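Me: Could you take a close look at one helix in this model for me? I'd like to know what sits around it, and then get a tour of the surroundings.

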Amino acid sequence: MPDNPNPDHGPAPRPAPDPLEPVHLLRAVSVEFGLRQAEFGAAHGMHATDVRALICLLDAARAGESATAGLLAARLGLNSAGTTAVIDRLERLGHVTRSRDRVDRRRVLLQVSPEAVRLGRAAFGPLVDGLVELLGTFDPAERAAVTRFLSAARTALTP
């Protein structure tokens, strides 16, 4: 069967790209990440909120931010009691430690334990490595466009 059903009128017109396709793909990627997080949580006796809390704490450490209960509450949209419950669970599991801030002794800082980092790396490292490898196939302008889109999407989704 020929590619063009009407050769006398030139190539068949291409359908217009769906402007929502990047949004749908972002949602699909988000769902897949959520599923992997749920599997990790189930394998290690954690609630979904516990896994999100660990991610928030790791992100704060990477950004050089002081990780406090207040920061965690704000990032997760939890009240004080809910935040305390998450921190208590993570501490009991050995995934988080609390320590006094050296500058302001009234403030308690949260750190993800080396064991929790090891567990996360074992579970998510291959996935992250694969994504980094995939990004390596993009030229610098493409990587910049992906980064710009994801940064703007994050800003748009952040209350």
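**Helix α4 and its surroundings**

Reply: Let's start with what packs over the helix: the cover on the buried residues of α4 includes α2, α3, β1 (96–100) and β2 (108–112). Keep in mind that this is a predicted model.

Now the helix itself. α4 runs over residues 80–92, so to speak a 13-residue stretch, and spans 18 Å from its first C-alpha to its last, close to the 18 Å expected at 1.5 Å a residue. Its buried residues are Thr83, Val86, Ile87 and Leu90. They cover an arc of only 95 degrees around the axis, which puts them on the same side of α4. The general rule behind this kind of pattern is that an α-helix has 3.6 residues a turn, so residues three or four places apart point the same way. Over on the other side of α4, Ala81 and Arg92 are exposed.

One of the covering elements, α3, has buried residues of its own: Leu71, Leu72, Ala73 and Leu76. What covers those includes α2, α4 and β2. So α4 helps to cover the buried residues of α3, and α3 helps to cover those of α4. Just after α3 comes Gly77, with a positive phi of about 70 degrees.

Going back along the chain, the loop between α2 and α3 holds Glu65. Glu65 is partly exposed, at a relative accessible area of 34%. Leaving aside its neighbours within four places in sequence, Glu65 is in contact with Ala60, Leu71 and Arg75. One of those partners, Leu71, is on the list of buried α3 residues. For a sense of scale, Glu65 and Leu119 are 54 residues apart in sequence and 22 Å apart in space, C-alpha to C-alpha.

On the β2 side, look for Ser113 in the loop between β2 and α5. Ser113 is buried, with a relative accessible area of 7%. Not counting residues up to four places away in sequence, Ser113 touches Gly94, His95 and Val96.

Then there's the largest pocket, with a volume of about 2500 Å³. Its lining takes in 48 residues, and Phe33, Gln37, Ile55, Asp59 and Arg154 lie nearest the centre. The elements that give two or more residues to that lining are α1 (21–43), α2 (48–63), α3 (69–76), α5 (114–135) and α6 (140–157). α5 gives the most, with twelve residues. By class, the lining has 32 nonpolar, eight polar and eight charged residues. Two of the elements that cover the buried residues of α4, namely α2 and α3, also turn up in that list of pocket-lining elements.

Two exposed residues round off the tour. Thr155 lies in helix α6 and is exposed, with a relative accessible area of 60%. Thr155 and Arg98 are 57 residues apart in sequence, and their C-alpha atoms sit 30 Å apart in space. Ala16 lies in the segment before α1 and is also exposed, with a relative accessible area of 68%. The C-alpha atoms of Ala16 and Phe33 are separated by 29 Å, with the two residues 17 apart along the chain. Phe33 is one of the residues that lie nearest the centre of the largest pocket.

Note on methods:
Residues are numbered from 1 along each chain as its sequence is written. This is a predicted model: local features need pLDDT of at least 70, side-chain atom pairs count only at pLDDT 80 or more; totals for chains, interfaces and linings use all residues. Side-chain values use heavy atoms; hydrogens and water are left out. On a 1 Å grid over the protein atoms alone, a cavity is a set of points where a 1.4 Å probe fits but cannot get out, and a pocket is an open set with protein on both sides within 12 Å along at least five of seven lines; lining residues have an atom within 4 Å of a point. Grid points are joined across faces, edges and corners, and a volume is the space filled by probe spheres set on the points. Helices (H or I, at least four residues) and strands (E, at least two) are DSSP runs, numbered from the N terminus. Ala, Val, Leu, Ile, Met, Phe, Trp, Tyr, Cys and Pro count as nonpolar, Asp, Glu, Lys and Arg as charged, and the others, Gly among them, as polar. The expected span of a helix is 1.5 Å times one less than its number of residues. Buried means under 20% relative accessible area, exposed over 50%, partly exposed in between (1.4 Å probe, protein chains only). The arc is that of the directions from the helix axis to the C-beta atoms. Contact means heavy atoms within 4.5 Å.
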